[in-house]
Amino acid sequence: MYSICTLGSHCALQVLKGAKDENFRTLLICEEKRINLYSRFRFIDRLVPVKDYRYENVCSEHVMNDLRDYNCILIPHGTMISNMQVEEIESMRVPFFGNRYILRWEADRVLKERLTIESGIRVPRSLNMDDLDGKSLAIAKLHGAAGGKGYFLVSSKEQFIRYYNNLLRRGTIKGMEDIYLQEYIVGVPVYLQFFYSPLSREVELLGIDRRYESDVDAIGRIPAMQQSYTNIDDITYTVVGNIPLVLRESLLDEAYRMGERFVDAVRRLIKHEMIGPFCLEGVYDRDANFIAFEFSARIVAGTNLYVNGSPYSYLLYDEPMSTGRRIAREIRLAIDSNELGKVLT
Ligand code: AMP
């Protein structure tokens, strides 16, 4: 008998509820300070306490023994990605649902852009300081910044240098190599939540959301005249929550095609094919073209909106189908058809 296991954060509740709905045993690796929260949920069969989610704790002998005893399949999510190095995740000795080799591509901006372009999806132009001519807007991103913290918008070289020197002085960056400058795309943010099944070889669109980000979603509530009186100088994109969204139906065909081209591109560029959930993250501009500034090659937290299914999952399944449950369903189908090797790496 297999168990499904994940780290206690991000989308753990959705994943383990989905696993229980598919009749799996469930196990949660849980930071001590979160045990109070997670012990409230009866669909979690076992909590394995750890000090925090660093590799040395998650992969300690007592945790690994538990995972082996319970025959666990690990479901990766954003908290795991942000707490561990790619090399550490690649070396973990536990069956992993998904393609663990793609995480390297998700973590590296250059590789990420290559895979997105290979998918035939538009990306914002990369810029350097000399491209800042005062006529259009650029977004400066800090490498490894969590949730867009410290990003800033500039249009001229002078503005850029002012921000840059401030960040240097504060020790936030060490030099130009810590900043990634990109064309700012004016449009509305949209996150397309897909699932690829290596068993049926089909892409499913399971949901769509947008993020609710502070300060950027706060600044629009203040009239332009008063905006300069706020102390907001470097606008942040700290994710506070997610808001459900449906697309104009005429945009759905291209959304599905983008998901399919992404899966094809992964097959061409990476040694293992796409498995399970992924998300294309970008904006639709005034001509309703999608320009992607990110992808996530695993479950995203925006899927938590749809614990009970989304409008899109309901069109595919006559039962509540969250992304977490869809993962468990795929594992169940793979076990039944003796093809577990297709969904684990
Ligand atoms: P990221 O860290 O790339 O996910 O970006 C954080 C947030 O910054 C996103 O949710 C977007 O709202 C915004 N953003 C990132 N890149 C761009 C871009 N090139 N144009 C417009 N907005 C962007």
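Is Ala288 buried, partly exposed or exposed? In this predicted model, Ala288 is partly exposed, with a relative accessible area of 26%. The residue sits in the loop between E11 and E12, and its phi is positive at about 60° although it is not a glycine.

That loop belongs to a good place to start looking around: an open sheet of five strands, ordered E10-E9-E8-E11-E12 and paired in the antiparallel sense. Strand E10 (237–244) and strand E12 (290–296) form the edges, each pairing on one side only. On average, and ignoring direction, neighbouring strands of the sheet are turned by 35° against each other. Strands E8 (residues 188–197) and E11 (residues 276–284) share nine antiparallel bridges; Tyr191, for instance, has Glu281 in E11 as its bridge partner.

Helix H14 (residues 323–336) packs on this sheet and touches E8, E9 and E11, with a direction about 15° from that of E8. H14 also meets the buried residues of helix H1, which pack against strand E1 (3–7), strand E2 (25–31) and helix H2 (35–38) as well. Those buried residues of H1 (residues 12–21) are Ala12, Gln14, Val15, Leu16, Gly18 and Ala19.

A few backbone details are worth a look in your viewer. The peptide bond from Ser214 to Asp215 is cis, with omega near 15°, and Asp215 lies in strand E9. Arg201, in the loop between E8 and E9, is exposed, with a relative accessible area of 52%. Here are the positive phi values together:

| Residue | Phi | Place |
|---|---|---|
| Asn23 | about 70° | just after H1 |
| Arg201 | near 55° | loop between E8 and E9 |
| Ala288 | about 60° | loop between E11 and E12 |

Key
Residues are numbered from 1 along each chain as its sequence is written. This is a predicted model: local features need pLDDT of at least 70, side-chain atom pairs count only at pLDDT 80 or more; totals for chains, interfaces and linings use all residues. Side-chain values use heavy atoms; hydrogens and water are left out. Two strands pair if DSSP finds at least two bridges between them. Helices (H or I, at least four residues) and strands (E, at least two) are DSSP runs, numbered from the N terminus. Axes are lines fitted to C-alpha atoms, for helices over the stretch in contact, and angles run from 0 to 180 degrees between N-to-C directions. Contact means heavy atoms within 4.5 Å. Buried means under 20% relative accessible area, exposed over 50%, partly exposed in between (1.4 Å probe, protein chains only).
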